[in-house]
Amino acid sequence: MYVDDGPTAGVEPALSTPGLTRRELLRAGVLGGAALATAAGALALPRHAAAAGLAGVVTGGGHLGAHGSHESMMAVGELRPGGFDPAAFLGHFDGGKVSRLASGQTLREYEIVAMEREIEVAPGVFFPAWTYNGQVPGPTIRCTEGDRLRVRFANAGSHPHTIHFHGIHPAGMDGSFEIVPPGGSFLYEFDAEPFGLHLYHCHAVPLKRHLHKGLYGTFIIDPRGGRPPARELVMVMNGFDTNLDGENEVYAVNTVAHHYQKHPIPVRLGELVRLYLVNVTEFDLINSLHLHGNLFRCYRTGTDLERYEYTDTVMLCQGERAVLEFSFKYPGKYMFHAHQSEFAELGWTGVFDVREEPHA
Amino acid sequence: MPETLTAPPGPRGEAAPPAPGPRRALPGWAKGAGPLLLLAVLVLAFLRFGPVGVFRKGFPPVEELTVERITLPRPGELRVSVVNSGPEPVTIAQVLVDDAAWAHSLDGGRTLGRLERRTVTIPYPWVEGEPVAVKLVTATGLTFDGEVAVATETPRASGRFVGTFALLGIYAGVIPVFLGLLWLPFLRTLERRWVDFFLSLTVGLLVFLGVDALGEALEFAGRVPGPYQGTGLVLLGVAGTPLALGALGRRGRSGAGAATPWAVATLVAAGIGLHNLGEGLLIGSAYATGEIALGTFLVVGFLIHNTTEGLGIVAPLARERPAPGRLLLLGALAGVPTVVGAWIGGFTHSPFWTTLFFAVGVGAIAQVVFVLWRMLAGREGGALLRPLNAAGLLAGLLVMYATGLLVPA
Ligand SMILES: [Cu+2]
């Protein structure tokens, strides 16, 4: 299901193979003698059609060239090497340091440090963030229902911070009144319940600033029996107001504008994909995810294994989250994005690259 | 002949005694350079050891980008001319168009030094007639905006557009000035005091035009990139033009005698011409930026407004013999700049040059007003405060105000 490994592990080699869409698009343009026109169809249609034995031809063009395609509507350039790796983050779950208490209960220990750090929110655009362990979103904490959690929190920043965990726990472990000053620390200890998809974030005031600056992360409590095996992915919907005018200039899942569109996420045909989707977008009441060419089972908050909604679009308020499960019927490229067009066009888009053969 | 500078006389009216002492005196230029050298040392010391480090540490760099012009050279393409108007280098990291991230290219590196320029080319499917908003996102996340109010293909300097803008300039500036010249026969029938009335009226017209142009100059000055000091540019134009014109006028005449009517009329025509250059700029840029309705209103408004300018030119000539060739030249001097202005405004609009043109226009008008004032003051029973002349001045202001109502703000 998941592995307890280092913060940079969990990278699938195929995740770092970019540039396919561009080449395909160019080739299609040359062969067809006409430029590709309409939006998503331009990316996905040729492969769809081939797979289903259907004919599909995109014609159009003239002086506009490929302007109508998603190739031009995108942040340009690549991230500085050595920084946050959205591909690695996607599949990385932190199980903590595992041991057993005398009672037989599983103990999981985590170290989380709040620190200030410049992060890249679009290629070349740097944002002075407040982070958990130097990354935005913070590490994805994962455990099983009934585990004892011990989270050692140290504040290495220049402002007071906390960690507020969603879930059931005693009052003193809430992180809303136990404000940790710069240089201070705090030990959170509680039993993990209930199972589901939660989140954690700073609860120092002003809240809006502490959240928007990047102090949040995903908190997953698995049911005792686990969930069915799947390809599991974490996506945190967030945004950044880079010029501090109260509106976001960048929207994304996992911080970097258009990253998963430029670097499609490889998925195998028919494989079960489980998406842990969390909304921490500031300055906008809601955010959403829409999946192309497919529908997903939407388990709200992930606290129920039976009841779900079968849909292709889910809307989440700030702090809301949902577990989405789906598998693709046809190979090819499928977009997913916020269905608020503005968010999508400012960076919240991605592509699943579905293939029959395993990704090399 | 200008006076030559001489050393001030000594206490008893003698020349100052030579520097005493046995030491050899430094050459004159070295005495002048000494303070400069000290100043240079001081500036370097301040930059190197000065107390500004305290501030530098605490604040992020101040980035300044000025979007000078956005052109739409063809369907599906935007071009943004941008200059780094701040003290620090600025890196353009991303470009947003209508709140969407867009692919783009720059004619050079992404980092701009002080006063460095770039053109950002964006493949954007803009929609005819709708506004386009461009945001440049710097590496630190700051954004700098530019806007096209009405998207339409930017005219290129093709024969067709050169002709069209020339025609617009002729309508707005040349025809009305010539119409105004036709008042000369009427003026020739008048008594001197009524001629003076019309001369005063000319002063009124010019003062109104000057203030109007000053307003325009200051408005455009606000859009000039910071280091080019828009307001300073206005001062240079407003103060520098009369100084230059005055000096030229003085060279042209042998003595300090009064200017001839023809000279005055030429000055009036030149001042009005510079003012009309500014009007042409407005017309040209209105059409170039797709504001067709505004441009048309401007042409019609100026057409009516400017006939009074012709009257102003011929007022000093009321007692002269009409020489059609010279009159035509005067009309051209005042009217043709409208055409030139329309070309400049249509093809190469830039806040810097627009500000300077308007400011020079203001300065020229100030100079003409000064000359007319002296002319009136020099006459027997003249001066502007004589009731009939004062009425003329007021009438001039009112006429301009009334016809100006036809021109949209
Ligand atoms: Cu905080």
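Here are three short exercises with worked solutions on this predicted model.

**Exercise 1. The copper site**

Find which residues coordinate the copper ion, and work out which parts of chain A the two histidines tie together.

*Solution.* Start with the donors: the copper ion is held by ND1 of His161(A), SG of Cys202(A) and ND1 of His210(A), at 1.8 to 2.1 Å. Next, read their spacing along the chain, which is H-x40-C-x7-H. Now place the histidines: His161(A) sits in the loop between β5 (148-155) and β6 (164-165) of chain A, and His210(A) in helix α4 (residues 207-212) of chain A, so the pair ties together parts that are 49 residues apart in sequence. Finally, check burial, for which the cut-off is under 20% relative accessible area. His161(A) has 1% and is buried; His210(A), at 3%, is buried too.

**Exercise 2. A threonine facing chain A**

Decide whether Thr143(B) is buried or exposed, and find what its side chain contacts.

*Solution.* First locate Thr143(B): it belongs to strand β8 (residues 143-148) of chain B. Its relative accessibility is 15%, so Thr143(B) counts as buried. Then look for partners: its side chain makes a polar contact of 2.5 Å with the side chain of Asn243(A). Other residues that Thr143(B) touches include Glu249(A) and Leu136(B).

**Exercise 3. Two helices in chain B**

Describe how α5(B) and α7(B) cross.

*Solution.* Take the axes of α5 (residues 192-221) and α7 (residues 261-288) of chain B: they come within 11 Å and cross at roughly 40°. The two helices are therefore oblique to each other. Their crossing is left-handed. Among the residues making the contact are Leu206(B) and Phe220(B) of α5(B), and Ile272(B) and Leu282(B) of α7(B).

Key: Residues are numbered from 1 along each chain as its sequence is written. Chains are lettered from A and ligands numbered from 1 in the order in which they are written. This is a predicted model: local features need pLDDT of at least 70, side-chain atom pairs count only at pLDDT 80 or more; totals for chains, interfaces and linings use all residues. Side-chain values use heavy atoms; hydrogens and water are left out. Donors are N, O and S atoms within 2.8 Å of the metal (3.2 Å for Na, K and Ca); water is not among the atoms, so sites may look incomplete. Helices (H or I, at least four residues) and strands (E, at least two) are DSSP runs, numbered from the N terminus. Buried means under 20% relative accessible area, exposed over 50%, partly exposed in between (1.4 Å probe, protein chains only). A polar contact is a pair of N or O atoms within 3.5 Å; within protein, one must be able to donate a hydrogen and the other to accept it, and residues adjacent in sequence count only if both atoms are side-chain atoms. Contact means heavy atoms within 4.5 Å. Axes are lines fitted to C-alpha atoms, for helices over the stretch in contact, and angles run from 0 to 180 degrees between N-to-C directions. Angles under 35 degrees count as roughly parallel, over 145 as roughly antiparallel, 65 to 115 as roughly perpendicular and the rest as oblique. A crossing is left-handed if the near helix is turned anticlockwise from the far one by less than a right angle, and right-handed if clockwise. Lists of a residue's contacts leave out its neighbours within four places in sequence.
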